[in-house]
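Biologist: Please show the sequence and the model, so that we may discuss selected features in turn.

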Amino acid sequence: MKRVWKEASSVIIAAKPKSFLRSRMSRDCSLSVLALKRHSDSSVLPNFYVFPGGHTHHSDSSEEWRRVFSQSTCEASRNCFETLNANVTLPIFKSNNEIGIPKAISLRIAAIRETFEECGILLCKRFEEKKQDIDKHLEIESIAQWRQQVIADASNFIKLCVENKCYPNVTALSLWSNWKTPVNIPAKKFDVAFFLVVLEDCYRAIPDSIEIEEIGWYPPEDLLNKSDQGEISLSHPQFYELSRLLHFKDVSELSKFAKQRNKSDCELFFPIMCFLDDQMVSILPGDELYPENGIEFTLEDAELKEKLNQSQKCHRLLISNVEPSGPLEHKSLIIQNVSPKYDHILPCSSHHITKAKPKNKL
């Protein structure tokens with residue numbers, strides 16, 4: 001059977017936390033992220049905490065968007081079809097590139113549309129708006145009704161923009177990462193482009209009660225601690241990306257880094273999953289055991305376990321106490337002698353990072 005990965009987009013939304021959040025932060029940090037708890041009946045990651053996003057829709061690539069963007073008074077927005085991430089070599093940015101608008105634009109439109117559907121935050125700009133220092137949610141008339149229309153039919157997002165004289169704020173979204181569901185995971189498979197945006201405020205977000213049942217703003221460390229204590233579930237990309245965010249003490253620092261890194265290419269994270277006893281190991285690019293074809297292992301369990309323990313270059317996520325039908329109890333990152341590509345950063349060493357040593361047991 002042919003394996004098919006659905007294209008999807010997600011956006012990490014960061015903002016300066018409200019005063020009541022800052023008062024209970026466990027470290028000197030002035031940064032919160034929006035986290036959504038997926039519905040318990042969801043066919044994808046039920047009860048998991050995720051960033052806003054979802055799979056792409058054909059309307060996200062419609063040529064109609066060129067006409068919408070042409071009405072902007074912001075030169076950068078009008079020219080984004082030719083300039084945004086023009087140097088990125090990710091396969092998801094190149095697939096079906098001859099159909100519709102550039103993938104650097106359509107993937108961002110998908111992330112913005114899904115964010116509006118799932119939590120009601122509209123990352124759009126008015127035609128007459130020029131460059132703005134801090135990006136924000138756009139309040140429009142009858143926004144609740146527009147949200148329901150877009151949920152019912154994603155094509156209505158174009159209609160929303162035309163009638164409200166606005167357009168998706170694609171230049172605000174910086175390319176952050178790209179994750180692809182492992183081959184040997186028995187679940188729906190996605191190829192997800194992750195973007196990042198910093199907003200001026202922790203806007204009120206309302207779950208759609210269809211795919212999402214809870215929404216909140218959290219310091220990254222709080223979400224990681226809740227995951228470690230078994231209070232919430234985080235998938236591999238969310239765990240890894242939240243660990244990266246621990247490097248930043250405030251939103252201005254994060255925004256500056258993300259915008260600078262957006263000028264570079266981006267690495268595809270296509271994990272290889274290994275199941276050993278009650279542990280699951282996710283091998284990431286840069287690890288010496290990561291296969292050249294990025295697909296799968298051919299090693300027997302005993303040989304694999306020995307090689308995992310003797311590796312000199314490690315870039316892997318270890319999940320302990322794995323039960324066949326239960327939650328993944330504990331996650332930790334094992335990183336040694338690995339350098340990030342394309343001006344990115346590795347997860348912060350202050351949380352859940354183990355500096356692997358040769359011949360250490362997993």
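Biologist: Which residue follows α8, and what is the sign of its phi?

Modeller: Helices are DSSP runs (H or I, at least four residues) and strands likewise (E, at least two), numbered from the N terminus. This is a predicted model, in which local features need pLDDT of at least 70, side-chain atom pairs count only at pLDDT 80 or more, and totals for chains, interfaces and linings use all residues. Residues are numbered from 1 along each chain as its sequence is written, and side-chain values use heavy atoms, with hydrogens and water left out. Near 50°, the phi of Lys165, which follows α8, is positive.

Biologist: Which residues of helix α8 are buried?

Modeller: Buried means under 20% relative accessible area, exposed over 50%, and partly exposed in between (1.4 Å probe, protein chains only). Such residues of α8 pack against α2, α6, β5, α7 and β6. In this helix, spanning residues 156-163, they are Asn156, Phe157, Ile158, Leu160 and Cys161.

Biologist: How many residues apart in sequence are the parts that the pair Phe51 and Phe194 ties together?

Modeller: Rings of Phe, Tyr and Trp (its six-membered ring) pair if their centres lie within 6.5 Å; planes under 30 degrees apart count as stacked, over 60 as edge-to-face and the rest as tilted. Phe51 and Phe194 are edge-to-face, 6.4 Å centre to centre with 85° between the planes. Both Phe51 and Phe194 are buried. Phe51 lies in the loop between β3 and β4 and Phe194 in strand β8, so the parts tied together are 143 residues apart.

Key. Contact means heavy atoms within 4.5 Å.
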